[in-house]
Amino acid sequence: MTTEPKPGGPFHRSLLTRLRSWFFTGLVIFGPVAATAYIAWWVVDTIDNWVKPLAPASLWPDTYLPIHVPGFGVVAVLIGLTLLGFLAANITGRTFLRLGEAMVDRTPVVRGLYKSFKQIFETVFSQSGDHFRRVGLVEFPMKGSWSVVFISSEPARAVAAALPEQPMTSVFLPCTPNPTTGFYFFVPTADLIEIDMTPEDAAKLVMSAGLIQPEGQVALAAMARAAQLGKPNAAAADAAP
């Protein structure tokens, strides 16, 4: 004579365990896809809404199709920026650019904003510069604790004159989980340890609070230990494959 499994018995616990496992597996698969799709859709829709009032209705695919076609504004922006760069690369374009900058330079308030944003864009998007393309370690927030930083540049002359008489480097320390916020400060160059890690891997490490480890994590740990012992070169050599 067989007996029915009692509620709460091994069979029910096993079923609940499997259901929970399947749920979290589906969440792990669907979550990144949904988040990426939502952000991409938001960016495309935002750019489309910016460009749509500026373009004639005859150019929009929505005028001729019964459904909304996203992405026309993104394509228009990409083409427009490419043409702008092409025009600025020749003599005529550079002449108009200098005239426009001369007019902006004579406008109070706007002049300061324009120069600040221009310097930021030239620094970040310059193909030849190395600002924020190098990653390092600094001893922060206390002795024996190490934080990942993005290496910026040498201090300006006015700032360097007020700093101690030793080589200094400016760094940006990103916060978790939003790496766009953080602390910008100057550290002695001797106390800064540059590591072999890409800015993308460093950003992933910060945003995930250490859950997403870069491939060079073993070397990173060795470099941190070497920094603590004051022997960076030897430990880095030991960690190298």
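**Reading the sheet and the surface of a predicted model**

Trainee: Among contacts in the protein between residues at least 6 apart in sequence, what share joins residues at least 24 apart?

Mentor: The share is 36%. Please bear in mind that the model is predicted. Of its 241 residues, 21% count as buried. The accessible surface comes to about 18000 Å², and carbon and sulfur atoms account for 68% of that area.

Trainee: Which elements does the protein contain, and in what order do they run?

Mentor: The protein has eight helices and five strands. From the N terminus on, the order is α-α-α-α-β-β-α-β-β-β-α-α-α.

Trainee: What makes E4 and E5 edge strands?

Mentor: The five strands form an open sheet in the order E4-E3-E2-E1-E5, with antiparallel pairing. Strand E4 (182–188) and strand E5 (193–195) each pair on one side only, and this makes them the edges. Neighbouring strands of this sheet are turned by 45 degrees against each other on average, direction ignored.

Trainee: How do you know that E1 and E2 pair, and how many bridges join them?

Mentor: Pairing requires at least two bridges. Strand E1 (residues 134–139) and strand E2 (residues 146–151) are joined by six and run antiparallel, so they count as paired. Among the facing residues, Gly-136 stands opposite Val-149, and Val-135 has Phe-150 as its bridge partner. The two strands form a hairpin with six residues between them. In its turn, Gly-144 has a positive phi of about 95 degrees.

Trainee: How many bridges join E2 to E3, and why does that number suffice for a pair?

Mentor: There are two bridges, which meets the minimum of two, and therefore E2 and E3 pair, in the antiparallel sense. Phe-150 has Phe-172 of E3 as its bridge partner. E3 and E4 pair over seven bridges, also antiparallel, with Val-171 opposite Phe-185. E1 and E5 are joined by three antiparallel bridges, and Leu-137 stands opposite Ile-193 there.

Trainee: What makes E3 a mostly covered strand?

Mentor: Seven of its seven residues are buried, which means that each has under 20% relative accessible area. In a regular strand the side chains alternate between the two faces of the sheet. In E3, Met-168, Ser-170, Phe-172 and Pro-174 are buried on one side, and Thr-169, Val-171 and Leu-173 on the other. Both faces of E3 are thus covered. Helix H6 (residues 199–207) lies across E1, E2 and strand E3 (168–174), running at about 140 degrees to E2.

Trainee: Why is Leu-97 called partly exposed?

Mentor: Leu-97 has a relative accessible area of 43%. The class lies between the limits of 20% for buried and 50% for exposed, so the residue is partly exposed. The value is also over the 30% required of a patch member.

Trainee: Which residues make the nonpolar surface patch, and where does its largest share come from?

Mentor: Leu-97, Val-109, Val-110, Leu-113, Tyr-114, Phe-117 and Phe-121 make a patch of about 690 Å². Helix H4 (residues 110–125) supplies the largest share, five residues, whereas Leu-97 belongs to helix H3 (residues 91–105).

Notes:
Residues are numbered from 1 along each chain as its sequence is written. This is a predicted model: local features need pLDDT of at least 70, side-chain atom pairs count only at pLDDT 80 or more; totals for chains, interfaces and linings use all residues. Side-chain values use heavy atoms; hydrogens and water are left out. Helices (H or I, at least four residues) and strands (E, at least two) are DSSP runs, numbered from the N terminus. Buried means under 20% relative accessible area, exposed over 50%, partly exposed in between (1.4 Å probe, protein chains only). Contact means heavy atoms within 4.5 Å. Accessible areas come from the Shrake-Rupley method with a 1.4 Å probe; for residues, only the protein chains shown count as cover. Axes are lines fitted to C-alpha atoms, for helices over the stretch in contact, and angles run from 0 to 180 degrees between N-to-C directions. Patches are made of residues with over 30% relative accessible area and no salt bridge: like charges are joined within 9 Å, nonpolar side chains (Val, Leu, Ile, Met, Phe, Trp, Tyr) within 5 Å. A salt bridge is a side-chain nitrogen of Lys or Arg within 4 Å of a carboxyl oxygen of Asp or Glu.
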